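Here are my notes, set out as numbered points to be read beside the coordinates. Please keep the display open while going through them.

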Amino acid sequence: MAEKDEFSGQASVMIGDMYQSWFLDYASYVILERAVPAIEDGMKPVQRRILHAMKEMDDGRFNKVANVIGQTMQYHPHGDASISDAIVGMGQKDLMIETQGNWGDIRTGDPAAAARYIEARLSKFALEVAFNAKTTTWQLSYDGRKNEPVTLPMKFPLLLAQGTDGIAVGLSTKILPHNFCEIIECAIKHLKGKPFELFPDFLHGGMVDVSNYNDGARGGKVRVRAHIEEADKKTLLIKSVPYGITTSTLVDSILKANETGKIKIKSVTDNTAKDVELTVVLPPGVDTGQTIDALYAFTDCEISISPNACVIIADKPHFIGASDLLRHSVQHTKDLLLRELEIKLSELEDDWHYSSLEKLFIENRIYRDIEEETTWEGVLAAIDRGLSPFKPLLRRIVTQDDIIKLTEIKIKRISKFDAFKADEHIRGVEQHIEEVKNNIDNLNDFSIRYFENLLKKYGKGRERQTEIRPFETIQANTVAIANTKLYVNKKEGFIGASLKKDELAFECSDLDNIIILRKDGRMMITKVAEKTFVGKDIIHVDIFRKNDERTTYNMLYVDGKTGITYGKRFNVTGITRDKEYDLTKGNPGSRVLYHTVNPNGEAEVITITLAPGCKARVKVLDYYFEELEIKGRSAQGNQATKYPIKSIRFKEKGRSTISALKLWYDNTVGRLNKDGNGELLGRFDEKDKIIVFYKDGTYELTDYELTNRYDYNTIMLIEKFHPKRVVSAIYYDAKSKQFNAKRFLIESQTLKNKYLFIKEGEGNYLQMVTTLPEPVVIIRTGKSKNDLKEEQIALHEVIDITGWKTIGSYIASDDMKNLSLVPPINEDTGEPEAPTLF
């Protein structure tokens, strides 16, 4: 609202009105002109202006980036720093700009050299897909001196290939990069009407879990991990970094996790050169598998990225998914190809028309008709009269411009005119016209060939870098190291890390939950803290494991109201933290007389001695917990005795009353689980083990902890270990150029030690391994497919059982094409199982 200033006489504007109009203008400017890319060419204005400036400078040679920045500043109304950052970012993506010099390293975070020291030019790919002055819409630059493209005529989904991110006023965009070859393949599938899926791919490599990608739209999420390998029992090698993370920031996050006690390492060294390699050295006694999990849980070895695809469509921001981006880009490419074909057709028709006119003009010597004319108008009229008999042969009318062009033909051209060559040229143009018309009529097929040609010319070396695989969920408290000493004052009812004068309970992680049982039958679960009051007369304190259905609590308590003693068995699987739970009937004066905690549901036998003055005839009795059913924590339990108890004494250890633990191995994540994912390994009791055979000819025995990590890429066979089962193996001996077979029993049984059971030597590898009692294999050998010989061999009949270190016996030469294990008969169906190929 404008008002007149009484002193100056000028109109003044209310601050609120100024803010409302100016802020909206500023927000629109940032969204449209700086932060968010246009859907037509997938670029922000600064990127578009850089490529346009480079095209103007292009002569096939490299140009100093400083010169490119200066050229771009004719179109970009901002400082050179923003242009420099943008051109370096585009150059590092290695698609549109070919670079020379030190352009930095996205893996290590090293910056590029100064603009005066590095050079750039447009790539051949960029010249092919991004420029065509005939199909470009132009506008004046910010100062009105130059023309610049509104958008480049981009015939490729560049935005999906390069990715982008930007923060505007009130919104942001984050589009992840995708694989060049897969984008083209998906574009071809779309043109063929087939379904397609598109997932991110990063130049950093690593691994990505796309199960929640949500097509790159808002609300989605991807988890990205570095590749971590176990070099030996004391050393881990990090072979890649997640997208957006550098080796220096990764090292910092590892050191920070070590300082805060989340992980325990001896040192971390960045040895990155051509390939990423961070060496993590562990102190003695630290498990490599648990450390790998901890690195994913507590450091930047794993990060989550939330895509948010926002683009400018018709001067407005729109949120769309990656598939819609691809569809829009493919349709835009088709439209541009159609325009190019139409322009080409028009040019060819003009060429045919003028070539035909020229031929008629010279062959029929119409140029002689102008010799008697004295005026320009007479000359034009004479030529027009001379062409009149031939006009029906032409495809369009003859214009005055056509006639003027004929007058410009030089005498030298007329004298050297070759009618045969002219006819050949016209026939070639006619063929080209038919070809272009056919392409227009079959635009979809033409577009498919266009994308196939791009893939053929530029796809080599642009294969997927990031491995797509599902990730297991790592519970932070299960992999955190014990970095806190927990003390307890049982009488006063305090627990905490600062009570160093009291009794040391155990070491735990600061992420753990602690379960407490009190004499009055109350239970509580709380987090580790410096000092927490949990109630007097603590009788049990331990680390609480959520959803643990095997740990069983055996308890006797006396009811405060009736004096009756009850026995109960229960699990504690899930609770509300810091809430008290009563394990008795809830009457005042109730108290716990006896309790044990049994990790596998063991049920002991105890001896109960009753008070001497009670009326019971038998005052000493044995109590069997195995007779009690395991119920919830709120169950009152079964009556043990109605008489007062003098003492309770442990008599003997009982057996487990719950079934053995059923475990599966999930090959997609390389982990054990209880949820039925993957291959069933069997039921496991306390002393059972797992045996793993690797492709390098080693075996390893492990326990069945769910935190165990197995490298699924190197595993040949994983199963429950049975000491008496004979192992049958076939391996390749590179030095002798033959396959050997051997059968042996597992002798060395130290956990988590690898034992080489094939002949040691470079190039040797395990071809097949099984623990079937009577293994039969089919071997096919031959120099060619037409010369294959098949032989069936019962290994248990021809190979003796020997020591695990023996070389074995010859079974086939190195011309073996394939080997398959004859499947055993399925006991349930009576049919053979599917054969296993090696």
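1. Which element gives the largest share of the lining of the largest cavity? That share, 3 residues, comes from α6, and in reading this and what follows please bear in mind that the model is a predicted one. The cavity itself has a volume of about 70 Å³, and the structure holds 3 cavities of 30 Å³ or more. Its lining is made up of I39, E40, D41, G42, F156, P157, L158, L159, L160, L325 and S329, with α6 and α10 as the elements that give two or more residues to it.

2. On the pockets, I would draw attention to the second largest, in which about 1300 Å³ of space lies. It is lined by 49 residues, and those closest to its centre are Q92, K93, I106, L203 and H204. Two or more lining residues are given by each of α2, α4 (80-92), α6 (158-162) and β8 (164-167), and of the elements that contribute, α4 gives the most, with 7 residues.

3. Helix α2, one of the elements in that lining, can be checked for its length. The 13 residues of this helix (residues 45-57) should span 18 Å at 1.5 Å a residue, and the end C-alpha atoms are indeed 18 Å apart, so the expected and modelled values agree. The helix is mostly covered, since 11 of its 13 residues are buried; these buried residues include charged or polar ones by name, among them Q47, R48, R49 and H52, alongside others such as V46, I50, L51 and M54.

4. The largest nonpolar core has 107 residues, and within it M96 and F156 touch the most other members. Helix α10 (residues 322-363) supplies the largest share of this core, namely 9 residues. Apart from neighbours within four places in sequence, M96 is in contact with L51, R121, L122, S123, F125, A126, V129, A130, M154, L158 and Q162. Of these partners, L51 is also listed among the buried residues of α2, while L158 also lines the largest cavity, as does F156. A second core, separate from this one, has 19 residues, including L360, I362, V379 and F390.

5. As to charged pairs, side chains of opposite charge can pair when their charged atoms come close, and the count for this model comes to 41 salt bridges. In one of them the side chains of E98 and R121 meet at 3.0 Å, N to O. Because E98 lies in strand β4 (residues 97-100) and R121 in strand β5 (residues 119-122), the pair ties together parts that are 23 residues apart in sequence. E98 counts as partly exposed, at 30% relative accessibility, and R121, which is also in contact with M96, is partly exposed with a relative accessible area of 22%.

6. A salt bridge with another setting joins R671 and D293, whose side chains meet at 2.7 Å, N to O. Here the pair links distant parts of the chain, with R671 in strand β37 (residues 671-673) and D293 in helix α9 (residues 288-298), 378 residues apart. Both R671 and D293 are buried. They also belong to one network, in which salt bridges that share partners join D209, R223, R225, D293, E302, E472, R671 and R709.

7. E430 and R395 form a further salt bridge, with their closest N and O atoms 3.8 Å apart. E430 is in helix α14 (residues 419-441), R395 is in the loop between α11 (376-387) and α12 (400-407), and the two are 35 residues apart. E430 counts as partly exposed at 28% relative accessibility, and R395 is partly exposed too, with a relative accessible area of 48%.

8. Finally, two backbone angles deserve a look. N214 is not a glycine, yet it has a positive phi of about 60°; its place is in the loop between β10 (207-209) and β11 (222-225), and at 44% relative accessibility it counts as partly exposed. D315, likewise a residue other than glycine, has a positive phi near 65°. D315 is found in the loop between β17 (310-313) and β18 (316-319), and with a relative accessible area of 61% it is exposed.

Methods. Residues numbered from 1 in each chain as written. Predicted model: local features only at pLDDT ≥ 70, side-chain atom pairs only at ≥ 80, totals over all residues. Heavy atoms only, no water. Salt bridge = Lys/Arg side-chain N within 4 Å of Asp/Glu carboxyl O. Helix = DSSP H or I, 4+ residues; strand = E, 2+ residues; numbered from the N terminus. Buried < 20%, exposed > 50% of the residue type's maximum accessible area, 1.4 Å probe, protein only. Core = buried A, V, L, I, M, F, W, Y, C linked by side-chain atoms within 4.5 Å. Contact = heavy atoms within 4.5 Å. Expected span 1.5 Å × (residues − 1). 1 Å grid on protein atoms, 1.4 Å probe; cavity = no way out; pocket = protein on both sides within 12 Å on 5 of 7 lines; lining within 4 Å. Points joined across faces, edges and corners; volume = space filled by probe spheres on them.
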